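Hello,

Here is the model for your files. Please have a look before we talk.

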Number of protein chains: 2
Amino acid sequence: MEKEVLYLKVARIIEEQIFSETLRIGDKLPSLRSIQKLHNISLNTAKQAFLELESKSLIDSRPRSGYYVSKTSQRKFALPSISQPDILGKEKNPDGLINKIYDTLNYKDIRQFSLGIPDNSLLPIAKLNKSVIKIARNLEGSGMTIEPAQGNINLRRNIAKWALLFEGKLSEDDVVITPGTMSAIFNCLMAVTMRGDTIGVESPVYFGILQLAKSMGLNVIELPTHPVLGVDIEALKKVIHKINAVCFVSNFNNPMGSLMPDDNKRMLVEMLTYYNVPMIEDDLFGNLYFGESRPKACKVFDEAGIVMWCGGVSKVLAPGYRVGWVAPGKFKNKIISQKLLQTVSMPTLYQEVIADFMEFGGYDHHLRKFRQTLHTNCLKYQRTIEEHFPPNTKISQPQGGFFLWLELDKRLDTNELFDLAIKQKLSFAPGRMFTQHNQFNNCMRLNFALHWDDNLEHDLRRLGEFFKKVLC
Amino acid sequence: MEKEVLYLKVARIIEEQIFSETLRIGDKLPSLRSIQKLHNISLNTAKQAFLELESKSLIDSRPRSGYYVSKTSQRKFALPSISQPDILGKEKNPDGLINKIYDTLNYKDIRQFSLGIPDNSLLPIAKLNKSVIKIARNLEGSGMTIEPAQGNINLRRNIAKWALLFEGKLSEDDVVITPGTMSAIFNCLMAVTMRGDTIGVESPVYFGILQLAKSMGLNVIELPTHPVLGVDIEALKKVIHKINAVCFVSNFNNPMGSLMPDDNKRMLVEMLTYYNVPMIEDDLFGNLYFGESRPKACKVFDEAGIVMWCGGVSKVLAPGYRVGWVAPGKFKNKIISQKLLQTVSMPTLYQEVIADFMEFGGYDHHLRKFRQTLHTNCLKYQRTIEEHFPPNTKISQPQGGFFLWLELDKRLDTNELFDLAIKQKLSFAPGRMFTQHNQFNNCMRLNFALHWDDNLEHDLRRLGEFFKKVLC
């Protein structure tokens, strides 16, 4: 009995620290041994106290790192709405806006909340550089050999091995290497669509997909998408007879961060199989989960070979290396032959470097560390936003990836406000970038794969105050 | 007078050595100083003797290398015919044949006369490797930075500089970097054609173009092509109303090695401008000239911006690096935006390595050496072929590049004979690969960018004897 009282007492002390925000979202708790010493209790009692807090979802454990504060007493800000794109409304790609945002990426001294890739400080650059030198020295054929169009065999083998983690039963023979994930998606679209065809995507959706589709003469239907559960399958079903292919980010979609539950993934693949509609699955954020394990890909449920599972290292490891891949199911030969004709092959070096890093270089270790940083940053961003943004702000609840999606007061037009924010050396990605319709004008995407420090926190506060001021 | 007699005497001695084949095509002559000592004459007399031989086209000088035997008393084998593709005949891409040839490229112990790239022994691999290590060590942003879609600025600057050599007045701003020359051509085709359009090409033509066009849903018209002067402009004019774009290799075309005279280039561009037909100029062999200076590109005559000048390093420096480029004239913005959408950007490393090699690494020196080797090899191949192939063989007379095109006895079907030749560990590229029509069945392409030694000569002889035997 004494033991029970003791661990509950310790748990309550920590709980109070959390509620008083002495310990704040994303903070690491003292180690079990420190707790043991501090309260002069047994290690087991300390463990029980932590389990109690974990059962209340106040803290969570992260393998090999420790325990972290995972939420405060309650969530203050609501989730963004389920999107309801007006598919009969006029379409207009946000090209001008996108170009404007791109231009500001070169500005110095701007806080780049609009960035689409992780900050260099979160990437294992020194290790990768070492690997580049090592591989360059030992490259068979000195890098002159032309790789098979399917791609480097070592890299394909390692990708297949990593796919096992989420029950993706791939062999090296199922994988085709591409110069980046966008190139994988482009090749998939080339393989299964023709000018005049229509594809279905999430809404909001990564703007690159909208632009690519337009450049290929494809029509796009944006589908209602839930901020947590992803694309609305019933809504898709209603228009599926108009659709030649779909392109979804099933895990931690960009920009909303939604994660399709396994059941939805299974249902989706069954439906697409029934209607014989190929799916391009853009799974480039899948390894950046905050939960217990890597979410499955839709590919796992694909028995007919209609799912083309795309991935790459740009979002998790090395944006500049331009290494991506696709497991194209029954479209494999078509994609290999397209690749052969369009680019012949890819240089060996970076393919070998990534393969080496996956196999021997601590890819696993990097991902674990990176995920923890992202999870912590996400919680810190949410806390800071809840404290400093207008009180009617809605905010997404991503379970992975590195984007937050904010829905602000209706009166705030993020497209218009962007220029003002830049003058204050703050950037964000206006919501209108992520749709071809006239919507999301009061939304924006923020990147939290940046190095968290006082300056970043200060800038995030400034951004909140900026919007508050506009509303006054 | 005595002097005159002396130099003519010396010239005659050398001439006799050439006619008796003591000195053979491609052989280097002794240096002027050796001649001077050997015949106990003045340096000036030796020079005059060489000038005499040069005026008879028996020898030619190569800058900073010396004098070489350039022909024997007379050419024994005729030129191949001007191609007359039957454009009303049935079309059938030689896909099966191409796959068969590709497969044999992995076979060991085969003499790869069918190869489409230079042998590694002719490339400055050690220097390039050093450069890779150096650049990898010093890369700004450690290679993580995403290059602008137009490509690395240093490389663009150097390409513009080199284009000056043939009066190609380009600025760095005119050039777009692509992952290899085929990717440049693909992007050009994407920019100016749509499914169902028709392009004009040479005949025979590099099979990759035929396959790429087919994969894009384009029709191809093969145009009559002269083995020395290139595509027949009058023939093009007759069908130009059917054509949406042309794709020509104006300098040392693959496989015939033809070189369009400047006048033809000018006329061609004028005509295309008049009819507003864009031209994709594939100039990837242009730096491999055997003559005095680099031939001009059609781009030089392009005032309307309709010529998209494509090049790359795969044929001259580093096949595995996959670095190409295009100066796309008025289609520049379209091509940059396509590239951005399809592949985002390219890794910095190899772009910087090539830029470095062009600027500081002895690109010039390598090209000079490489051209000399190729010219010598070409002459040695021609001599060996004239000695050992069936007497009614016709053979091309390339002024650059590294391919010979042979037209054999009508009874010899190179497609059928390929399998037999492979059993003898000899390969070649059958003529049928280079057309969509039922022609060139008695032709073949040979690569002479291989290391010339007794074994190579022996294999070339064996190939000739092989065909002779079949004819018996």
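Below are notes on the contact between two chains and on one strand.

This is a predicted model: local features need pLDDT of at least 70, side-chain atom pairs count only at pLDDT 80 or more, and totals for chains, interfaces and linings use all residues. Residues are numbered from 1 along each chain as its sequence is written, and chains are lettered from A and ligands numbered from 1 in the order in which they are written.

The chain contact

Chain A and chain B put 40 residues each into the contact (C-beta atoms, placed from the backbone, within 7 Å). On the chain B side, helices 5 (125–138), 7 (181–192), 8 (207–215), 11 (332–343) and 12 (348–359) each supply at least two residues. Helices (H or I, at least four residues) and strands (E, at least two) are DSSP runs, numbered from the N terminus. Helix 5 of chain B gives the most, with 6 residues. By class, the chain B side has 20 nonpolar, 17 polar and 3 charged residues. Nonpolar means Ala, Val, Leu, Ile, Met, Phe, Trp, Tyr, Cys and Pro; charged means Asp, Glu, Lys and Arg; the others, Gly among them, are polar.

Strand 14 of chain B

Strand 14 (residues 403–407) of chain B is largely enclosed by the rest of the structure, because 5 of its 5 residues are buried (20 or more other C-beta atoms within 10 Å of a residue's own, C-beta atoms being placed from the backbone). B:Phe403, B:Trp405 and B:Glu407 cover one side, B:Leu404 and B:Leu406 the other.

Strand 14 of chain B pairs antiparallel with strand 13 (residues 394–395) of chain B over 2 bridges. Pairing takes at least two DSSP bridges. B:Leu406 stands opposite B:Ile395. Strand 17 (residues 443–447) of chain B also runs antiparallel to strand 14 of chain B, joined by 5 bridges. There, B:Met444 is the bridge partner of B:Leu406.

Best wishes

How values were computed:
Contact = placed C-beta atoms within 7 Å. Buried ≥ 20, exposed ≤ 12 C-beta atoms within 10 Å, placed from the backbone.
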